[in-house]
Amino acid sequence: MKARTMNATVSYDPEVISESTNIHFTKVTNASGTTIYGKIEKNGAEAGNISHETKGDYLITTLKPYSGLTADEVKGIYEAVPRCIAELTEA
């Protein structure tokens with residue numbers, strides 16, 4: 001029998017940005033390509049999100065509420081995101 005769809009979803013351990021801030025990544029792979037979602041959390045509350053899609057070739061990082069993050073946390077997020085996306089797209 002021929003498969004119509006084949007999906008794989010993988011969740012990863014959080015990427016630690018600071019003692020109170022981390023990013024939870026999930027990768028979804030299907031026939032259309034790979035989509036990576038990231039949920040940025042600070043003290044258990046949402047502080048932003050990340051979307052990357054290979055088919056559309058885009059990466060979006062949103063920080064919200066921006067004022068709730070320290071300058072070091074913002075810098076840490078923007079340093080970690082490209083590295084994590086590269087690791088997840090290679091895996």
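Aspartate 57 is placed, in this predicted model, in the loop that runs between S5 and S6. The backbone at aspartate 57 adopts a positive phi of about 55 degrees, although the residue is not a glycine. With a relative accessibility of 65%, aspartate 57 is classed as exposed, because the cut-off for that class is over 50%.

A second non-glycine residue with a positive phi is asparagine 43, where the angle is about 55 degrees. Asparagine 43 belongs to the loop between S4 and strand S5, the latter spanning residues 45-53. The relative accessible area of asparagine 43 is 62%, so this residue is exposed.

Strand S4 itself covers residues 33-42 and includes threonine 34. In contrast to the two loop residues described above, threonine 34 is buried: its relative accessible area is 15%, and the buried class applies to values under 20%. When residues up to four places away in sequence are left aside, threonine 34 is in contact with Lys27, Val28 and Thr29, and also with His52, Glu53 and Thr54.

A further backbone feature occurs after strand S6, which comprises residues 58-63 and is followed by a loop leading to helix H1, residues 71-90. Proline 65 lies in this loop. The peptide bond that joins lysine 64 to proline 65 is cis, and its omega is near 0 degrees.

Methods. Residues numbered from 1 in each chain as written. Predicted model: local features only at pLDDT ≥ 70, side-chain atom pairs only at ≥ 80, totals over all residues. Heavy atoms only, no water. Helix = DSSP H or I, 4+ residues; strand = E, 2+ residues; numbered from the N terminus. Buried < 20%, exposed > 50% of the residue type's maximum accessible area, 1.4 Å probe, protein only. Contact = heavy atoms within 4.5 Å.
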